Amino acid sequence: MISISHKAKQFLILLIKLLIVGGAFYFIYIQLANNDKLDWEKFIILFKKNQSIAGISFILLLSVLNRFFEILKWQNLVSYLHKISLLESTKQVLGALTAGLFTPNGLGEYAGKALFFDKKSTKKIIFLNLICNGIQMILSVVFGIFGLLYFNANYNIITSKTVLILFGICFLLFGILFFSKKIDIKGYSIEKLIHKINEIPKTIHQKNIFLAVCRYLVFSHQYYFLFLAFDVDLPYLTMMATIASVYFLASSLPTFQFLDFAVKGSVAVYFFGILGINEWIVVFISTLMWFLNVVLPVIIGSYYVMNFKTKITQ
């Protein structure tokens with residue numbers, strides 16, 4: 001077996017860190033510099049017209065709260081194994097976000113968090129992260145379905161017959177999952193997964209759901225307040241239903257974190273276009289949401305990645 005020297009290992013780790021951070025910043029630059037749909041002149045005119053220190057501070061506060069609730073969620077879930085501080089949870093969440101920036105659906109985030117723990121805990125950490133992200137996805141689906149129904153009731157995108165067919169398909173899929181929960185595939189089954197979930201104390205699950213709801217309300221309302229800042233004045237329920245629909249459909253599509261705003265932006269352009277909102281406004285707000293909730297945390301996360309020490313170097 002080939003033995004790698006301690007210095008070689010340190011160099012390799014440093015190279016990986018540089019590749020992760022360098023790659024993250026490169027992809028961010030490419031997306032911002034090469035997006036021809038971003039009309040900066042219109043944005044600057046509107047910004048000068050509506051600029052408000054209080055307004056900007058409020059939008060930034062929502063971005064901080066968005067990640068803060070995610071950090072609290074992770075700290076809460078990891079307490080099932082052992083307690084970690086808020087600072088340690090921050091390092092793990094932001095560092096993993098940076099590592100998962102250019103992986104499909106943020107899969108690198110799972111590996112990123114696992115690196116902060118012993119190898120024997122890897123499976124448990126991946127499972128906890130699955131629960132952490134899973135509850136957010138479930139909320140997106142639940143709010144999204146209600147949003148789509150409300151949106152469709154007002155704008156008749158699809159017929160009532162089509163809605164019934166879609167619900168029928170959903171119930172059929174749930175039925176198949178329910179009756180096949182005992183089917184074992186390579187040692188894994190839905191029943192075993194449910195059993196593993198139930199092993200975690202109810203208090204942890206309840207807190208996880210509460211924090212996930214808080215996070216959903218924060219970033220969906222941040223989207224809403226940005227539209228208000230761009231002089232879009234439409235009924236509250238219509239806007240929130242559209243935002244819920246966009247997040248639901250966009251999160252259902254496989255994508256990369258660094259392309260997240262492009263996917264959400266494309267879906268948003270269609271839905272908000274029906275409401276008569278100018279395309280450039282929708283694109284700009286989608287980009288701002290991505291910048292505030294992904295790019296800024298990644299910049300902070302890059303610091304934690306560069307200062308990360310593996311078990312090898314300790």
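These exercises walk through a predicted model of one protein.

**Exercise 1. The overall fold**

Task: State how many helices and strands the protein has, and how they follow one another.

Solution.
- Step 1. Count the elements. There are 12 helices and zero strands.
- Step 2. Read along the sequence. The pattern is α-α-α-α-α-α-α-α-α-α-α-α.
- Step 3. Check how much is buried. Of the 314 residues in the protein, 43% are buried.
- Step 4. Look at the contacts with a separation of 6 or more. Residues 24 or more positions apart account for 76% of them.
- Step 5. Turn to the exposed surface. The protein exposes about 18,100 Å², and carbon and sulfur atoms supply 70% of that area.

**Exercise 2. The annotated regions**

Task: Find which residues the UniProt annotation "transmembrane region" covers, then examine residues 126-151 and 209-230 in the model.

Solution.
- Step 1. Take the ranges from the record. The unreviewed UniProt entry gives 12-32, 52-69, 126-151, 157-179, 209-230, 236-254, 261-282 and 288-306.
- Step 2. Keep the status of this record in mind. Such annotations may be inferred rather than shown by experiment.
- Step 3. Examine residues 126-151. This stretch is 100% helix and 0% strand. Its end C-alpha atoms lie 36 Å apart.
- Step 4. Examine residues 209-230. Here the chain is 95% helix and 0% strand. The end C-alpha atoms are 32 Å apart.

**Exercise 3. The nonpolar cores**

Task: Locate the largest nonpolar core and name the elements that give two or more residues to it.

Solution.
- Step 1. Find the core. The largest one has 30 residues.
- Step 2. Pick out the residues with the most contacts inside this core. They are Y223, F227, M239, F272, I277, I281 and I285.
- Step 3. Assign elements. Two or more residues come from each of α9 (202-229), α10 (236-251), α11 (260-274) and α12 (279-306).
- Step 4. Follow Y223. Setting aside neighbours within four places in sequence, Y223 is in contact with I243, Y247, A268, F272, I285, S286 and M289.
- Step 5. Look for a further core. Another one, of 16 residues, lies apart from the core of Y223. Its members include W74, I125, L128 and I131.

**Exercise 4. A patch on the surface**

Task: Identify which residues form the nonpolar patch on the surface, and say which element gives the largest share.

Solution.
- Step 1. List the members. I138, V142, I145, F146, L149, F167 and F171 form the patch.
- Step 2. Give its area. Together these residues have about 660 Å² of accessible area.
- Step 3. Assign elements. Both α6 (122-155) and α7 (160-179) give two or more residues.
- Step 4. Compare the shares. Helix α6 gives the largest, five residues. I138 lies in this helix.
- Step 5. Contrast I138 with S140, which is also found in helix α6. S140 counts as buried, at 8% relative accessibility. The cut-off for buried is under 20%.
- Step 6. See what S140 touches. Beyond residues up to four places away in sequence, its partners are Y216, F248 and S251.

**Exercise 5. The salt bridges**

Task: Find how many salt bridges the structure holds, and which residues they join into one network.

Solution.
- Step 1. Recall the principle. Side chains of opposite charge can pair when their charged atoms come close.
- Step 2. Count. The structure holds three salt bridges.
- Step 3. Begin with E70 and K73. Their side chains meet at 3.2 Å, N to O. The two are three residues apart in helix α3 (residues 53-78), so about one helical turn separates them.
- Step 4. Move to R215 and E70. Their side chains meet at 3.0 Å, N to O. R215 lies in helix α9 and E70 in helix α3, so this pair ties together parts that are 145 residues apart in sequence.
- Step 5. Check burial. E70 has a relative accessible area of 3%, K73 has 0% and R215 has 12%. Buried means under 20%, so E70, K73 and R215 each count as buried.
- Step 6. Add K113 and E109. Their side chains meet at 3.3 Å, N to O. They are four residues apart in helix α5 (residues 108-114), so about one helical turn lies between them. Both K113 and E109 are buried.
- Step 7. Join the bridges that share partners. They link E70, K73 and R215 into one network.

Key: Residues are numbered from 1 along each chain as its sequence is written. This is a predicted model: local features need pLDDT of at least 70, side-chain atom pairs count only at pLDDT 80 or more; totals for chains, interfaces and linings use all residues. Side-chain values use heavy atoms; hydrogens and water are left out. Buried means under 20% relative accessible area, exposed over 50%, partly exposed in between (1.4 Å probe, protein chains only). Contact means heavy atoms within 4.5 Å. Accessible areas come from the Shrake-Rupley method with a 1.4 Å probe; for residues, only the protein chains shown count as cover. A nonpolar core is a set of buried Ala, Val, Leu, Ile, Met, Phe, Trp, Tyr and Cys residues joined through side-chain atoms within 4.5 Å. Patches are made of residues with over 30% relative accessible area and no salt bridge: like charges are joined within 9 Å, nonpolar side chains (Val, Leu, Ile, Met, Phe, Trp, Tyr) within 5 Å. A salt bridge is a side-chain nitrogen of Lys or Arg within 4 Å of a carboxyl oxygen of Asp or Glu.
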